[in-house]
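Work through the exercises below with the sequence and the coordinates open. Each task is followed by a solution in steps.

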Amino acid sequence: MLGGETVLAENLGYADLEHRVPVTNETRFGVASITKAFTGLSLLKLHESGRIDLDAPIQRYVPAFPVKPSGVITPRLLAAHLAGIRHWGQERNAALYARHFDDVNDVLALFKDDTLVAPPGTKASYSSYGYNLIAAAIQSASGVKYQEYVNREIISRLGLKNTGFDDVRRVLPNRARRYSYFDPWTFAVDSNAVYRVPEWDYSHNMAGGNMYSTAADLAQFGRAIEGPGLLSKESLDLLNRRPRVGAVQATMSFGFFVSDSVAPHRLLNIGGSNAGLQSGLFVYPDEDLVIVVLSNTWGIGSNSGEMNGVLLSRLAAICMGWPQPPPVK
């Protein structure tokens, strides 16, 4: 999307390989960690309204989360992955993938009593659990369920008709099935086989990776952060600034990775990956350029989100006539 106009909408392959159902503009893909962008903007919206203090101890909003002896955890540190909360561990197994979480507070039991990986503010450490803790704070401060707040303040305001929180137990029209050239359990490679990824339930990562959307909806979502409107100018300033605590600088602000000050083009981006799923969203605010790529496959040689970086950079370069980024080695 360039200047608010869709310049390319390309659909390739199948949403359902077994039944030869092609991908269309209405195909709803899981977007994995792009969910964090919705959580991050929701946090900023609550901050704008004065209902959440970004620098308050997280226990003000989530008293069930224990105080950690190594330092104070705040919503601002959580959003920047500077709080020391761990990422996934051995708990992400068949039992967890079979369990559904309706309330984000129930997710806290998976990690709240664990030791921090680093004292808050001392090290950037990516954590989906940290974003679920943000969601619990959003729910407490807003007085409504986290999902309801995101729906009301982000999804509905932008008119995103094909975006929401996934529930694999229920029928969702136009949902893409997921595939992989790797065994999704063992990661073994069989070049002659395409595996169908099970209908795993990702609600244990409700605020960090459990949403679905279409490319068109995400392009509209991305354009909404190019200037004031959905967010105030003050919130946009926070979104576009890499957070710093002393000598430690984070690359993510509020759900988006932020380009550094020497980058040739200002960029906000976020990508995601689950088994059989890749997603990427690049926003170039100064050029009014938004690029979205969604896939329901881990392809040959890909068992994560390798698609989500250089491919979108190359598409931006083609669109704007910029020098091409170097190939991935």
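## Exercise 1: Surroundings of one residue

Task: for the predicted model, list what Phe-257 touches once residues up to four places away in sequence are left out, and classify its exposure.

Solution.
- Step 1. The contacts of Phe-257 outside that sequence window are Tyr-126, Thr-251, Met-252, Leu-267, Leu-268, Asn-269 and Ile-270.
- Step 2. Phe-257 belongs to strand S10, which covers residues 257-258.
- Step 3. The relative accessibility of Phe-257 is 26%. Buried requires under 20% and exposed requires over 50%, so Phe-257 is partly exposed.
- Step 4. As a distance check, the C-alpha atoms of Phe-257 and Pro-326 lie 20 Å apart, with a sequence separation of 69 residues.

## Exercise 2: Nonpolar cores

Task: find which members of the largest nonpolar core touch the most other members, and give the contacts of Ile-85 beyond four places in sequence.

Solution.
- Step 1. The largest nonpolar core holds 79 residues. Those touching the most other members are Phe-38, Leu-41, Ile-85, Phe-221, Leu-239 and Phe-256.
- Step 2. Helix H4 (residues 128-142) supplies the largest share of this core, nine residues.
- Step 3. Beyond its sequence neighbours, Ile-85 is in contact with Phe-65, Ile-73, Leu-78, Phe-111, Leu-116, Val-117, Ser-125, Ser-127, Tyr-129, Gly-130 and Leu-133.
- Step 4. A separate second core has eleven residues, including Ile-291, Leu-312, Ala-316 and Trp-322.
- Step 5. As background, nonpolar side chains in soluble globular proteins tend to be buried together.

## Exercise 3: Two pockets

Task: describe the largest pocket and the second largest pocket by volume, lining and residue class.

Solution.
- Step 1. The largest pocket has a volume of about 1,200 Å³. Its lining consists of 44 residues, with Glu-10, Asn-11, Val-292, Val-293 and Leu-294 nearest the centre.
- Step 2. Helix H7 (215-223), strand S13 (289-295) and helix H9 (310-320) each contribute at least two lining residues. S13 gives the largest share, seven residues.
- Step 3. By class, this lining has 27 nonpolar, 14 polar and three charged residues.
- Step 4. For the second largest pocket, the volume is about 540 Å³. It is lined by 31 residues, and Arg-92, Ser-273, Asn-274, Ala-275 and Trp-298 are the closest to its centre.
- Step 5. Helix H6 (206-209) and strand S11 (268-274) give two or more residues to that lining, and S11 gives the most, with six.
- Step 6. The classes in the lining of the second largest pocket are 14 nonpolar, 16 polar and one charged.

Technical notes
Residues are numbered from 1 along each chain as its sequence is written. This is a predicted model: local features need pLDDT of at least 70, side-chain atom pairs count only at pLDDT 80 or more; totals for chains, interfaces and linings use all residues. Side-chain values use heavy atoms; hydrogens and water are left out. On a 1 Å grid over the protein atoms alone, a cavity is a set of points where a 1.4 Å probe fits but cannot get out, and a pocket is an open set with protein on both sides within 12 Å along at least five of seven lines; lining residues have an atom within 4 Å of a point. Grid points are joined across faces, edges and corners, and a volume is the space filled by probe spheres set on the points. Helices (H or I, at least four residues) and strands (E, at least two) are DSSP runs, numbered from the N terminus. Ala, Val, Leu, Ile, Met, Phe, Trp, Tyr, Cys and Pro count as nonpolar, Asp, Glu, Lys and Arg as charged, and the others, Gly among them, as polar. Buried means under 20% relative accessible area, exposed over 50%, partly exposed in between (1.4 Å probe, protein chains only). Contact means heavy atoms within 4.5 Å. A nonpolar core is a set of buried Ala, Val, Leu, Ile, Met, Phe, Trp, Tyr and Cys residues joined through side-chain atoms within 4.5 Å.
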